Amino acid sequence: MIPDALSELLSATQGQRDATWQGRSLLVINDDWGELILSRHGGHLLHYAPAGERGWLWTTSTPKAPPEALRGGVPLCWPWFGEPEDGNGPMHGLARTANWRIDAVDEDVEGGVEIHLSPEARLHDSLAPRLVIHANAQRLAMELVTEHIGETPIRLTQALHAYFSVPDTHQCRIEGLGGARYLDKLADYAEAEQNGVLGIRGALDRIHHSSRPLILDDGHRRLRIAKQGSDSTVVWHPGDRLPTDIPERERLNFICIEPACTRLDPVWLAPGAQHVLSMHISPESSAQE
């Protein structure tokens with residue numbers, strides 16, 4: 001689900017073009033394999049849909065204007081997830097509100113497109129991120145690559161904060177977390193164990209200690225969500241206490257499932273090393289073929 005204005009941009013696009021929406025510079029792609037919308041503000045993927053299908057991501061119809069972060073799609077939480085340890089900096093880091101440049105758009109890669117991005121300005125003294133997006137008619141993949149360009153080891157936390165579009169959050173089931181320990185952020189980080197399939201009935205904010213692939217079953221389709229470089233999976237929904245940039249009518253149209261490196265599995269990078277956090281999304285049927 002995306003705002004009507006973004007749907008209109010897609011309808012007016014053949015191939016790829018630049019556009020603007022809500023003060024943001026966009027790359028809009030409408031091709032034989034499917035659709036994609038990418039915002040340069042935040043290096044933020046807003047929309048992806050294989051040909052003939054509804055979109056896999058949700059983006060709010062009432063976004064905050066830049067330089068504020070936009071809710072929906074896949075925000076980049078980097079180089080920290082949540083609040084910074086020293087209290088100095090914005091929630092979820094610097095990447096999601098920075099301006100990114102599109103370094104390359106390679107067409108006809110595995111029948112789709114491959115997009116490379118990097119920040120326009122340096123975001124950290126010792127860490128340099130870049131983003132690679134792969135999209136075609138069968139899958140969406142994202143790789144957030146962090147290179148250590150400094151001289152001393154650095155602690156990194158991060159997330160691909162994906163908002164999945166669903167018809168009704170309360171009808172969703174998330175398979176693959178059974179037996180995983182988790183921290184419940186709504187209960188002062190109390191630790192518990194997930195029993196079986198996870199359903200959503202109200203507000204939820206949990207960090208699961210798991211690297212396993214998941215299945216998101218929304219009652220109409222089953223998406224397989226796999227990852228690499230992450231031992232944390234965050235599941236979040238605000239319930240009835242909506243942030244100001246989520247309209248009430250859209251309250252049950254999304255669920256966040258996030259590959260992450262959190263307090264459970266922070267990454268320590270040595271000088272010259274790099275880390276790749278990736279997410280791979282595909283229909284369950286094609287993933288098994």
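**A walk through the strands, a buried histidine and a pocket**

Let's start with a pair of strands: β14 and strand β17 (residues 204–209) run antiparallel to each other, joined over 3 bridges. Keep in mind as you look around that this is a predicted model. If you want a spot to put your finger on, take Tyr 182, whose bridge partner in β17 is His 208.

β14 has another partner too. Strand β14 (residues 181–184) pairs with strand β15 (residues 190–193), again in the antiparallel sense, over 4 bridges. Here Leu 183 is matched with Glu 191 in β15. The two strands make a hairpin with 5 residues between them, and in that hairpin Asp 188 takes a positive phi near 55°.

Now for a bigger assembly. An open sheet is built from 9 strands with antiparallel pairing, and reading across it you meet β6-β7-β8-β9-β23-β19-β18-β13-β16. Which strands stand at the edges? They are β6 (100–109) and β16 (198–199); each has a single partner strand, so one side of each is left without a neighbour in the sheet. As a bit of background, strands in a sheet pair through backbone hydrogen bonds, in either a parallel or an antiparallel way. At the β6 end, the pairing is with strand β7 (residues 112–119), antiparallel and over 8 bridges. Within that pair, Ile 102 sits opposite Leu 117 in β7.

Next, have a look at His 237, which belongs to strand β20 (residues 232–237). Is this histidine buried or exposed? His 237 has a relative accessible area of 2%, and anything under 20% counts as buried, so this residue is buried. Leaving aside residues up to four places away in sequence, His 237 touches Thr 169, Ile 200, Gly 202, Ala 203, Leu 204, Arg 251, Leu 252, Phe 254 and Ile 255. One of these, Leu 204, takes us back to β17, the strand of residues 204–209. The His 237 side chain also reaches the backbone nitrogen of Gly 239, at 3.0 Å.

Finally, there's the largest pocket, with a volume of about 1000 Å³. Its lining takes in 43 residues, and those nearest the centre are Phe 81, Gly 82, Glu 83, Met 91 and His 92. Two strands we've already visited turn up here: β17 and β20, along with β10 (154–156), each supply at least two residues of the lining. What is the lining made of? It divides into 21 nonpolar, 9 polar and 13 charged residues.

Key
Residues numbered from 1 in each chain as written. Predicted model: local features only at pLDDT ≥ 70, side-chain atom pairs only at ≥ 80, totals over all residues. Heavy atoms only, no water. Buried < 20%, exposed > 50% of the residue type's maximum accessible area, 1.4 Å probe, protein only. Polar contact = N/O pair within 3.5 Å; in protein donor to acceptor, adjacent residues only side chain to side chain. Contact = heavy atoms within 4.5 Å. Pairing = 2+ DSSP bridges. 1 Å grid on protein atoms, 1.4 Å probe; cavity = no way out; pocket = protein on both sides within 12 Å on 5 of 7 lines; lining within 4 Å. Points joined across faces, edges and corners; volume = space filled by probe spheres on them. Nonpolar A, V, L, I, M, F, W, Y, C, P; charged D, E, K, R; others polar.
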